[in-house]
Structures are given as C-alpha cells and as structure tokens.
Amino acid sequence: AAMAARCRLAARFHHIHGTNIRLDASHTQATRVESFANGLCFSQEPLAPGQIFLVEIEEKELGWCGHLRVGLTAHDPQSLEVVPEYSLPDLVNMGDTWVFAITRSHNRVVLEGEEAQTGGRPWEPFLLIARVRIPRDTLVGRSRPGRYSHILDGLYKMNVLPATARRSRIGVLYAPQPDGTADMHIVINGEDMGPSARGLPTTRPLYAVIDVFASTKSVRVIPVDYGFPSLQTLCRLVIQKHIVHRLAIDGLDLPPLLKSFCQHE
C-alpha cells in the first residue's frame with residue numbers, strides 16, 4: 001500500500017526540463033514542440049527501490065533518426081544550472097547518470113558469460129525483477145485493433161507492440177543488490193530487458209530520465225498500481241493466452257464490455 005501511494009504521487013514529470021519540452025497541466029504528458037533535441041525530462045521525485053517510472057509513447061514525428069532514451073541519474077534536476085541538450089552523451093558525461101537508447105529491436109542486454117533471461121511467460125500476471133514484483137498488465141502497450149492489427153499480432157506475441165511504436169510502454173527502475181549497489185532495468189511492454197547498468201549507488205536519490213528524442217515526440221506517464229490484478233485483468237490474460245489475435249475476440253461469447261477491455265486497453 002505504501003509503495004502504491006508513493007508511486008502514484010511520483011508518476012509525474014519534474015518542472016525542470018529541456019527547452020523544447022512542454023508539459024500539460026497535470027505534468028504527466030511531455031511533448032517536444034520543435035527540433036529533435038532539448039527534450040530531456042525527469043521524474044518529479046526520486047524513485048524508491050523497485051519503483052518503475054513508466055511512460056507510453058503518444059506521438060511520433062517523421063523525418064528524424066533515433067528514438068526515446070531512458071535511464072536514471074543521481075543529479076537532482078533542481079541543481080542543474082542548465083538542462084543538457086542530450087541525455088547521450090551530455091548528461092551521461094556529467095557522471096552518475098545511466099541512459100539506455102531504445103531501438104526498434106535488440107534492446108535486451110546479455111552480459112558475457114550469461115544466458116539471455118526471459119521475464120517469465122507473457123500471460124503471467126506479475127513481472128519479477130530480483131525481489132520486485134510488478135503487475136504486468138499495466139506495463140504492456142497494445143495497438144488499437146483494426147485493419148492491420150492481425151499482422152502485428154502474428155509478429156508480436158500477446159498483442160505487444162514494437163519498442164518504438166506509438167502506444168508502446170517503456171519503464172525504468174533499479175533493483176538493489178546484496179553488495180549494496182543496484183542494477184538498472186529497462187522494461188519494454190512488460191518484458192525485462194536485463195540489467196542495462198550495474199553498480200548504481202543506492203545511497204543517493206535516483207531520478208528517472210526520459211529523453212523525448214528525435215522520432216519520439218510525446219510521451220505520457222502511466223501510474224502503476226502495485227496491488228493485486230483485478231478479476232477483469234486476469235480474465236483478459238487468460239483470453240489472450242488462447243486466441244490467435246485480437247480480432248478473434250469478436251467471435252467469443254463474452255459480455256461486450258469485457259470484449260472491449262480485451263481489445264482496446
């Protein structure tokens with residue numbers, strides 16, 4: 001309960017941000033209004049251990065190369081004399097900052113001598129990272145079903161979108177380790193990409209970094225409830241486990257509201 005309350009309070013952007021960023025009144029939507037740079041944003045509060053800062057890509061912009069960049073920094077945004085133009089390399093070069101560039105694919109980190117680890121079966125209700133357990137359903141981005149959604153569903157299991165697509169959900173958190181440091185994990189549409197950085201200090205506050213860069217134009221913070229998944233959510237997980245793609249939901253003998261929930265949320 002304490003984690004849930006803290007996460008909802010922290011699910012906003014800091015009022016300190018890049019010069020090309022405009023926040024909405026709630027500080028939950030960040031839009032880059034011109035150019036391709038100066039789109040740096042931070043979480044309003046430092047993250048707690050295991051607390052994910054999750055955003056959904058709302059708008060894309062053609063004509064630029066590169067995508068969203070996500071990470072953590074030990075710099076208090078309030079202490080920055082000038083917000084750097086880029087997270088990579090500018091903010092990282094200031095030290096105590098770890099940023100991961102999101103690509104269309106190949107975001108999973110596999111360290112030498114280790115095997116790629118999966119974050120569990122995609123229909124399991126929780127994502128487990130170290131000792132952190134996060135309800136998976138909120139973490140997963142889904143396209144709207146339509147003329148071509150069956151193509152997406154055939155290529156990406158469980159209706160999950162490509163990492164850089166509109167409505168994709170990307171989050172960052174840190175997981176404390178026995179040696180007193182922490183690993184940074186990037187989560188893309190409910191899948192843990194592995195430890196993107198290791199040896200982060202747990203003695204200093206760590207803020208989420210969201211760089212609304214290049215072809216990513218606008219993102220929105222998604223609050224994550226750490227409570228138990230609802231019966232409605234559990235029903236959707238079971239349904240999605242047994243269908244080929246979302247258009248098949250129309251033919252199921254289910255209440256209309258449940259069909260809509262399975263297809264659109």
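Modeller: Let's start with a word we'll need: a residue counts as buried when its relative accessible area is under 20%, and as exposed when that value is over 50%, with partly exposed in between. This is a predicted model, by the way.

Colleague: Got it. Is R69 buried or exposed?

Modeller: R69 has a relative accessibility of 15%, so it counts as buried. You'll find R69 in strand 5.

Colleague: And how much of the protein is buried?

Modeller: Of the 265 residues in the protein, 51% are buried.

Colleague: Which residues is R69 in contact with, leaving aside its neighbours within four places in sequence?

Modeller: Y86, S87, L88, V99, F100, A101, V209, I210, D211 and F213. Sequence distance can mislead you here, too: R69 and T216 are 147 residues apart along the chain, yet 9.4 Å separates their C-alpha atoms. The protein as a whole can be read the same way. Take the contacts between residues at least 6 apart in sequence: 69% of them join residues at least 24 apart.

Colleague: F213 is on that list of contacts for R69. What lies over the face of F213?

Modeller: R69 does, at 3.8 Å from the ring centre. A second case has R133 over the face of F126, at 4.0 Å from the ring centre.

Colleague: Let's zoom out. How many helices and strands are there?

Modeller: Six helices and 13 strands. Now the general idea for sheets: backbone hydrogen bonds pair the strands, in either a parallel or an antiparallel way. In this model, one open sheet has seven strands in the order 1-2-13-4-9-10-11, paired antiparallel.

Colleague: Why is one side of strand 1 and of strand 11 left without a neighbour in the sheet?

Modeller: Strand 1 (21-23) and strand 11 (191-201) are at the edges, where each has a single partner strand, so there is no neighbour in the sheet on one side of each. From one strand to the next, the twist averages 25°. For a look at one pairing, try strand 2 (residues 29-32) with strand 13 (residues 216-221): they pair in the antiparallel sense over three bridges. There, A30 stands opposite V219 of strand 13.

Colleague: Where does strand 5, the home of R69, fit in?

Modeller: Strand 5 belongs to an open sheet of four strands, with the order 3-12-5-6 and antiparallel pairing. At the edges stand strand 3 and strand 6, each with a single partner strand, so one side of each lacks a neighbour in the sheet. The twist here averages 20° from one strand to the next. Strand 3 pairs with strand 12 in the antiparallel sense over three bridges, and F42 stands opposite V209 in strand 12.

Colleague: On to rings. How many aromatic pairs are there in the whole structure?

Modeller: Five. To name the geometry, you look at the angle between the ring planes, and over 60 degrees counts as edge-to-face. The planes of F13 and F53 are at 65°, with ring centres 5.9 Å apart, so that pair is edge-to-face. F13 sits in the loop between helix 1 (2-10) and strand 1, while F53 is in strand 4 (residues 53-60), 40 residues apart. Both F13 and F53 are buried.

F36 and F213 also make an edge-to-face pair, with 6.2 Å centre to centre and 75° between the planes. This pair links distant parts of the chain, 177 residues apart: F36 is in the loop between strand 2 and strand 3 (40-42), and F213 in the loop between strand 12 (207-211) and strand 13.

Colleague: Are F36 and F213 buried or partly exposed?

Modeller: F36 is partly exposed, at 29% relative accessibility, whereas F213 is buried, at 7%. Together with W64 and Y86, F36 and F213 form one aromatic cluster.

Colleague: Last topic, the nonpolar core. Which residues touch the most other members of the largest one?

Modeller: Out of 33 residues in that core, they are F13, F53, M184, I186, I210 and V219. At least two residues come from each of several strands, including strand 4, strand 5 (69-73) and strand 13. Strand 10 gives the largest share, four residues. There's also a second, separate core of 13 residues, with I129, L139, L173 and V187 among them.

Definitions and conventions:
Residues numbered from 1 in each chain as written. Predicted model: local features only at pLDDT ≥ 70, side-chain atom pairs only at ≥ 80, totals over all residues. Heavy atoms only, no water. Pairing = 2+ DSSP bridges. Axes fitted to C-alpha atoms, helices over the stretch in contact; angles between N-to-C directions. Phe/Tyr/Trp six-rings, centres within 6.5 Å; stacked < 30°, edge-to-face > 60°. Buried < 20%, exposed > 50% of the residue type's maximum accessible area, 1.4 Å probe, protein only. Lys NZ or Arg CZ within 6 Å of the ring centre and 35° of its normal. Core = buried A, V, L, I, M, F, W, Y, C linked by side-chain atoms within 4.5 Å. Contact = heavy atoms within 4.5 Å.
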